[in-house]
Amino acid sequence: MEREELMKLLPHRDSMLLLDRASVVDGTAHGERLIRGDEFFLDGHFPGNPIVPGVIQCEILAQSACVLLGMQDTPVSTLFTGLDKVRFKNPVKPGDLFETECRITKSKGVFYWAEGKGTVNGRLCVSAEFSFAVIPDEKKENTP
């Protein structure tokens with residue numbers, strides 16, 4: 001799925017929708033983000049040697065995992081509740097195609113636990129376990 005389809009699944013917009021495309025194969029979400037070099041998060045991180053911040057890499061993983069939830073009956077927001085065992089192995093730079101693989105490992109009520117990794121050219125850049133909550137988006141529910 002491309003960005004237009006992703007906007008039907010994810011509440012993120014504009015500069016915070018960090019996936020260019022995603023797919024689900026055998027319960028695993030695969031996402032892609034081409035780092036163009038003009039992203040807001042590269043301003044000042046670091047001048048002359050831009051590197052994608054680790055927190056942005058984690059956000060891309062989380063957005064990939066949320067694709068696994070599919071369409072919800074009511075508008076929802078997904079909120080990080082935890083990050084565990086996060087490891088950064090290689091930097092992500094402008095021109096890189098950052099690819100993700102994520103899967104949900106468990107769920108209970110509104111809470112989900114997942115694990116994922118991000119790579120560039122098959123080289124591991126980040127791995128993490130994380131959790132998030134899926135909550136109704138009250139603002140959207142009241143919007144005609």
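This is a short walk through one protein model, starting with its sheet and ending with a few odd backbone spots.

Okay, hi everyone. One thing up front: this is a predicted model, so please keep that in mind as we go.

Let's start with the sheet. It's an open one with 6 strands, and the order across it is E1-E2-E4-E5-E6-E3, with antiparallel pairing. Which strands stand at the edges? Those are E1, residues 21-25, and E3, residues 76-88. Each of the two has a single partner strand, so one side of each has no neighbour in the sheet. Going from one strand to the next, the twist averages 25°.

Now stay with E3 for a moment. Strand E3 pairs with E6, which covers residues 123-136, and that antiparallel pairing runs over 10 bridges. If you want a spot to find on screen, look for Val76, which stands opposite Pro136 in E6.

Side chains link these two strands as well. There are 3 aromatic pairs in the structure, and I'll show you two. In the pair of Phe80 and Phe130, the ring centres are 6.2 Å apart and the planes stand at 80°, so we call it edge-to-face. Phe80 sits in strand E3 and Phe130 in strand E6, so to speak linking distant parts of the chain, 50 residues apart. Are those two rings buried or exposed? Well, Phe130 is buried, at 2% relative accessible area, whereas Phe80 counts as partly exposed, at 35%.

The other pair is Tyr112 with Phe132. Here the centres are 5.6 Å apart and the planes are at 10°, so this pair is stacked. Tyr112 belongs to strand E5, residues 111-120, and Phe132 to strand E6, so the pair ties together parts 20 residues apart in sequence. Phe132 is buried too, with 2% relative accessibility.

One more ring while we're here: Lys106 lies over the face of Trp113, 4.5 Å from the ring centre.

Back on strand E6, have a look at Ser131. Ser131 counts as buried at 9% relative accessibility, and its side chain makes a polar contact with the side chain of Thr81, at 2.7 Å.

Next, cysteines. How many disulfides does the structure hold? The count is 0. Take Cys66: the nearest cysteine sulfur belongs to Cys102, and that's 9.3 Å away. Cys66 is buried, with a relative accessible area of 7%. Then there's Cys125, whose sulfur is 12 Å from the closest cysteine sulfur, in Cys58, so that's too far for a bond. Cys125 is buried as well, at 0%.

Last bit, the backbone oddities. As background, most residues other than glycine have a negative phi, and most peptide bonds are trans. Where do we find a cis peptide bond? It joins His45 and Phe46, with omega at about 10°. Phe46 lies in the loop between strand E2, residues 28-34, and helix H2, residues 54-67.

And then positive phi. Asp14 has a phi of about 50° even though it isn't a glycine. You'll find Asp14 in the loop between helix H1, residues 3-9, and E1, and it's exposed, with a relative accessible area of 68%. Lys85 also has a positive phi of about 50°, and Lys85 is not a glycine either. Lys85 lies in strand E3, and at 58% relative accessibility it counts as exposed.

That brings us back to the edge strand we started with. Thanks for listening!

Technical notes:
Residues are numbered from 1 along each chain as its sequence is written. This is a predicted model: local features need pLDDT of at least 70, side-chain atom pairs count only at pLDDT 80 or more; totals for chains, interfaces and linings use all residues. Side-chain values use heavy atoms; hydrogens and water are left out. Two strands pair if DSSP finds at least two bridges between them. Helices (H or I, at least four residues) and strands (E, at least two) are DSSP runs, numbered from the N terminus. Axes are lines fitted to C-alpha atoms, for helices over the stretch in contact, and angles run from 0 to 180 degrees between N-to-C directions. Rings of Phe, Tyr and Trp (its six-membered ring) pair if their centres lie within 6.5 Å; planes under 30 degrees apart count as stacked, over 60 as edge-to-face and the rest as tilted. Buried means under 20% relative accessible area, exposed over 50%, partly exposed in between (1.4 Å probe, protein chains only). A charge sits over a ring if NZ of Lys or CZ of Arg is within 6 Å of the ring centre and within 35 degrees of the ring normal. A disulfide is a pair of cysteine sulfur atoms within 2.5 Å. A polar contact is a pair of N or O atoms within 3.5 Å; within protein, one must be able to donate a hydrogen and the other to accept it, and residues adjacent in sequence count only if both atoms are side-chain atoms.
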